[in-house]
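Welcome! Here is a short briefing to read alongside the sequence and the 3D view. Take a look at both, then follow the topics below.

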Amino acid sequence: MCLGIPGRIVEIADSANYLARVDVSGVRRAISVRLLEDDMPEPGDWVLIHVGFAMAKIDETEALLTLAAIKQLGDAYSTEMRAFDSSEIT
């Protein structure tokens, strides 16, 4: 199962290459924000992340509700977080 997971932008790590660092439930990783170049996120913004790409900007309420719902999936959430934790875009 593949999930879109909300993460908060911590910093724009490399604007020339559209890379940002996000925090997802305490795990920090670099992701691509290239798909959002027409509405670039800024530090503090929430984005929906799938396979290392920010797919959409979302508001904090939606992000927190989505995280709560995903956590209820149990193993699917744990598997997705392990995959996220072990991946890194450089």
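A salt bridge here is a side-chain nitrogen of Lys or Arg within 4 Å of a carboxyl oxygen of Asp or Glu. By that rule the side chains of R28 and D23 meet in a salt bridge, at 3.3 Å from N to O. Please keep in mind that this is a predicted model. The protein has 90 residues, of which 34% count as buried.

**Overall layout**

- The protein is built from two helices and five strands.
- Starting at the N terminus, the elements follow the order β-β-β-β-β-α-α.
- Looking at contacts between residues at least 6 apart in sequence, 49% join residues at least 24 apart.
- About 5200 Å² of the protein is exposed, and carbon and sulfur atoms supply 50% of that area.

**The nonpolar core**

- In soluble globular proteins, nonpolar side chains tend to be buried together.
- The largest nonpolar core here has 18 residues, and the members that touch the most others are V22, I31, V33 and V47.
- Two or more residues of this core come from each of β1 (5–14), β2 (19–24), β4 (46–50), β5 (53–58) and α1 (60–71).
- What does V33 touch, leaving aside residues up to four places away in sequence? Its partners are I9, Y18, L19, A20, M40, P41 and A54.

**The β4–β5 hairpin**

- Strands β4 and β5 pair in the antiparallel sense, over five bridges.
- Within this pairing, V47 stands opposite K57 in β5.
- The two strands form a hairpin with two residues between them.
- V51, in the turn, has a positive phi of about 45°.

**A nonpolar patch on the surface**

- Not every nonpolar side chain is hidden: L35, V51, F53 and M55 form a patch on the surface.
- Together these four residues have about 390 Å² of accessible area.
- V51 belongs to this patch and also sits in the hairpin turn.
- L35 lies in the loop between β3 (27–32) and β4.
- Is L35 buried or exposed? L35 counts as exposed because its relative accessibility is 54%, and the cut-off for exposed is over 50%.

**Salt bridges**

- How many salt bridges does a search of the whole structure find? The search finds four.
- The side chains of E60 and R8 meet in one of them, at 2.8 Å from N to O.
- E60 lies in helix α1 and R8 in strand β1, so this pair ties together parts that are 52 residues apart in sequence.
- Both partners are partly exposed: E60 has a relative accessible area of 41%, and R8 has a relative accessibility of 31%.
- In the R28 and D23 pair introduced above, R28 is partly exposed at 43%, and D23 is partly exposed at 21%.
- The side chains of K57 and D45 also meet in a salt bridge, at 3.6 Å from N to O.
- K57 lies in strand β5 and D45 in the loop between β3 and β4, so this pair ties together parts that are 12 residues apart in sequence.
- K57 is partly exposed, with a relative accessible area of 32%, and D45 is partly exposed, with 23%.
- Salt bridges that share partners join D39, D45 and K57 into one network.
- K57 therefore appears in two topics, since it is a salt-bridge partner of D45 in strand β5 and stands opposite V47.

Key: Residues are numbered from 1 along each chain as its sequence is written. This is a predicted model: local features need pLDDT of at least 70, side-chain atom pairs count only at pLDDT 80 or more; totals for chains, interfaces and linings use all residues. Side-chain values use heavy atoms; hydrogens and water are left out. A nonpolar core is a set of buried Ala, Val, Leu, Ile, Met, Phe, Trp, Tyr and Cys residues joined through side-chain atoms within 4.5 Å. Buried means under 20% relative accessible area, exposed over 50%, partly exposed in between (1.4 Å probe, protein chains only). Helices (H or I, at least four residues) and strands (E, at least two) are DSSP runs, numbered from the N terminus. Contact means heavy atoms within 4.5 Å. Two strands pair if DSSP finds at least two bridges between them. Patches are made of residues with over 30% relative accessible area and no salt bridge: like charges are joined within 9 Å, nonpolar side chains (Val, Leu, Ile, Met, Phe, Trp, Tyr) within 5 Å. Accessible areas come from the Shrake-Rupley method with a 1.4 Å probe; for residues, only the protein chains shown count as cover.
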